[in-house]
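Colleague: Hi! I'm new to this one, could you walk me through it?

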Amino acid sequence: MSKTRLGFVGAGAFTEMCLRAYRQFLPNVEVVAITDLDVEQANRVAQQQEIATVAKSPTELFELDSVDIAIILTPPNTHFQLAMEALENEKNVLVEKPIAFSVADAKQLIGLAESKGKSLAANLILRYHPFHQQIKKVIEEGKFGQLKEIVTHALMAGYPEDHWYWDSSTSGGFFLNTYCHFIDLYNYIVGEKPIEFHCQQKPGHAHLIELDFPTVKATLSANLDVSNQQESVETKYLFERGTITTFGWLPERMIISDGKSQYELDDDQTKDYRYKQLLANVVSDLIQRSSDPTITSRVNHDVLLESVRQPLLVSSRVK
């Protein structure tokens, strides 16, 4: 079987994480090219990771016949234009979220992908976590009756004050960059789209977000001002006859209770191992969908559109 050939745009720390992930979990993938505005950094990564080609620009990389999938891991304000250019050059594309800063741009990107017969994906990795797969199975089997409510308390360690994350013109803001993960997870678990959106501003970088689905209410209480030592994420799934609680943004522990007894599950892998595995799962899904468009993947084009539309709707409801 021939290998799928990847070209990376961006050579930062996250790129190096993804390179390690793909090398570890995707034996039928080959990284053939890389580019970055910092040419020295691109050359360093290429030498360390044994990447044959260092392109002078994204345009040069997108024009390479040797690249099957373009992996775009650059600052968010560049995602839309780079992904458009990659698609114009007949590449399948993985672009780090958010894929765009507006619904109109997201639709344009997805429309181009579909007109070119290409596939587009983003790293919405929580859909792939085995704990979330297990929760989906509990819902489908009706083990605890109907899911009634999802409640998340998220204390997320803040970035340094001078980090580009705080500049919404570069990052898209924390709704598109951070809250999108939680909102997308709720969509995946519930299996429906929310019909009402509410958001309250709290002191500092904190919000209370409420999403009303047809049969489920989801609430996210998020604070982005805590230290690394204080970081904590807990999500409760409240059913008619039971409760499931996960611990960690990338869950490392889960407690399942039916009101009479409970049992606890620990992830049998380290957080680093699981994170890399989930990143690889997204690419594996993209490769399969690229070879057979009839395959239903967890991160499809409709999911990508909603990952932009819903966070923007929430941000528009801030009171």
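Modeller: Sure, let's go through the sheet, its helices and the pocket. This is a predicted model, where local features need pLDDT of at least 70, side-chain atom pairs count only at pLDDT 80 or more, and totals for chains, interfaces and linings use all residues. Residues are numbered from 1 along each chain, and side-chain values use heavy atoms, leaving out hydrogens and water.

Colleague: In what order do the strands of the open sheet come?

Modeller: The order is β8-β9-β10-β7-β11-β12-β13-β14, eight strands with mixed pairing. Strands here are DSSP runs of E with at least two residues, helices are runs of H or I with at least four, and both are numbered from the N terminus. Two strands pair if DSSP finds at least two bridges between them.

Colleague: Which strands stand at the edges?

Modeller: β8 (196-202) and β14 (262-266); each has a single partner strand, so one side of each lacks a neighbour in the sheet.

Colleague: And how do β11 and β12 run?

Modeller: Antiparallel, joined by five bridges. T235 stands opposite T246 in β12.

Colleague: Which strands does helix α6 touch?

Modeller: α6 (residues 130-141) packs on the sheet and touches β7, β11, β12, β13 and β14. Contact means heavy atoms within 4.5 Å.

Colleague: New topic: what divides up the lining of the largest pocket?

Modeller: There are 24 nonpolar, 17 polar and eight charged residues. Nonpolar covers Ala, Val, Leu, Ile, Met, Phe, Trp, Tyr, Cys and Pro, charged covers Asp, Glu, Lys and Arg, and the others, Gly among them, count as polar. A pocket is an open set of points on a 1 Å grid over the protein atoms alone, where a 1.4 Å probe fits, with protein on both sides within 12 Å along at least five of seven lines; lining residues have an atom within 4 Å of a point.

How values were computed:
Axes are lines fitted to C-alpha atoms, for helices over the stretch in contact, and angles run from 0 to 180 degrees between N-to-C directions.
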